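Here is a guided walk through one protein chain, from its overall build down to a few single residues. Keep the viewer open and follow along as you read.

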Amino acid sequence: QMESFMEFLNDLQNFYSNIEKIAEVLTSSLKNQSLSIDSGWYNDHYHIENGNWIREAYPIKVLTLNGLCDIEIGFFNIAITSKLKKEQALLYNFSSLESLNLKYDVYGVENFLLDFKNEFFDEKEKIKNKIKNSSEEDIAFSFYFELNSSKSNIQKIVNTINLLRANKFFY
């Protein structure tokens with residue numbers, strides 16, 4: 001039994017070491033963005049599993065680009081989370097995200113389990129109606145990327161950060 005626990009700890013060590021390496025590559029790639037970057041390990045994130053929200057008790061690495069977004073390096077993927085004011089979200093051209101071939105969710109900030117778009121429903125024409133009819137003042141966006149530090153994946157993340165900066169996203 002102790003042997004299997006030690007194997008588990010070894011796997012956990014390898015996994016967290018990989019997350020740290022990805023964080024280092026991302027931090028280095030973002031140095032020229034002229035944003036201060038903070039980082040830490042945080043728990044209480046959520047992911048959808050079979051249509052249900054699952055709270056993650058374990059910590060993941062988070063890089064905060066102050067004023068713009070959080071980059072969350074988790075067990076399944078890398079996610080960028082940012083926000084738009086409700087008025088900006090209603091004006092936002094969601095087609096621009098489609099052209100970048102980004103997987104993303106749109107949800108409430110106050111009620112973060114209130115989904116306007118996720119992998120289970122994403123009718124573009126309904127997103128803005130759901131936002132308009134909500135009591136949310138700010139609308140959250142999460143953009144998802146593969147969990148690796150390949151040049152193409154890092155470039156896609158940097159391109160997304162540039163898109164956020166150009167479109168009044170904040171955090």
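## The chain as a whole

In the protein chain, 64% of the contacts with a separation of 6 or more are between residues 24 or more positions apart. Please keep in mind that this is a predicted model. The secondary structure comes to five helices and nine strands, and along the sequence they follow the pattern α-β-β-β-β-β-β-α-α-β-β-α-β-α. The radius of gyration is 17 Å, close to the 16 Å that the globule rule gives for 171 residues, so the chain is as compact as a globular protein of that length. Taken along the principal axes, the C-alpha atoms fill a box of roughly 55 × 40 × 25 Å.

What about the surface? Buried residues make up 40% of the 171 residues. The accessible surface of the chain comes to about 9700 Å², and 49% of that surface belongs to carbon and sulfur atoms.

## The sheet

Now turn to the strands. Seven of them form an open sheet with antiparallel pairing, in the order S1-S4-S5-S6-S9-S7-S8. Strand S1 (37-42) and strand S8 (115-117) stand at the edges; each has a single partner strand, so one side of each is left without a neighbour in the sheet. On average, neighbouring strands of this sheet are turned by 25° against each other, direction ignored.

Four of the antiparallel pairings are set out below.

| Strand pair | Bridges | A residue pair across it |
|---|---|---|
| S5 (residues 69-73) and S6 (residues 78-85) | four bridges | Asp70 and Thr81 |
| S6 and S9 | eight bridges | Ile80 and Phe143 |
| S7 (residues 103-108) and S9 | six bridges | Tyr104 and Phe143 |
| S7 and S8 | two bridges | Val106 and Lys117 |

Phe143 of S9 is a handy place to click: Ile80 is its bridge partner in S6, and Tyr104 stands opposite Phe143 as well. One residue along, Ser142 in S9 stands opposite Asp105. Are S9 and S7 mostly covered or mostly open? S9 is mostly covered, with seven of its eight residues buried, and S7 is mostly covered too, with five of its six residues buried. From S7, a hairpin of six residues leads on to S8.

A general point helps when you look at side chains here. In a regular strand they alternate between the two faces of the sheet.

## The helix across the sheet

Which strands does helix H5 lie across? Helix H5 (residues 151-166) lies across strand S4 (60-65), S5, S6 and strand S9 (138-145), and runs at about 10° to S6. H5 has 16 residues and reaches 22 Å from its first C-alpha to its last, close to the 22 Å expected at 1.5 Å a residue. H5 is followed by Lys168, whose phi is positive, near 65°.

The buried residues of H5 are Asn153, Ile154, Ile157, Val158, Thr160, Ile161, Leu163 and Leu164. When you look at their spacing, remember the geometry of helices. An α-helix has 3.6 residues a turn, so residues three or four places apart point the same way. The buried residues of H5 pack against helix H1 (2-29), S4, S5, S6, helix H3 (95-99) and S9.

## Two leucines to compare

Leu164 is found in helix H5. Is Leu164 buried or exposed? Leu164 is buried: its relative accessible area is 0%, and the cut-off for buried is under 20%. Setting aside residues up to four places away in sequence, Leu164 touches Leu68, Cys69, Ile80, Ser82, Phe143 and Phe169. Both Ile80 and Phe143, the bridge partners met above, are among these contacts. The C-alpha atoms of Leu164 and Cys69 are separated by 8.4 Å, although the two residues are 95 residues apart along the chain.

Leu100 is found in the loop between H3 and S7. At 33% relative accessibility, Leu100 counts as partly exposed. Leu100 touches Lys156 and Leu163, again not counting residues up to four places away in sequence. Leu163 is one of the buried residues of H5. The C-alpha atoms of Leu100 and Leu65 are separated by 21 Å, with their positions 35 residues apart along the chain.

Notes
Residues numbered from 1 in each chain as written. Predicted model: local features only at pLDDT ≥ 70, side-chain atom pairs only at ≥ 80, totals over all residues. Heavy atoms only, no water. Pairing = 2+ DSSP bridges. Axes fitted to C-alpha atoms, helices over the stretch in contact; angles between N-to-C directions. Contact = heavy atoms within 4.5 Å. Expected span 1.5 Å × (residues − 1). Buried < 20%, exposed > 50% of the residue type's maximum accessible area, 1.4 Å probe, protein only. Rg over C-alpha atoms; globule rule 2.2 N^0.38 Å. Areas by Shrake-Rupley, 256 points an atom, 1.4 Å probe, with all protein chains shown as cover.
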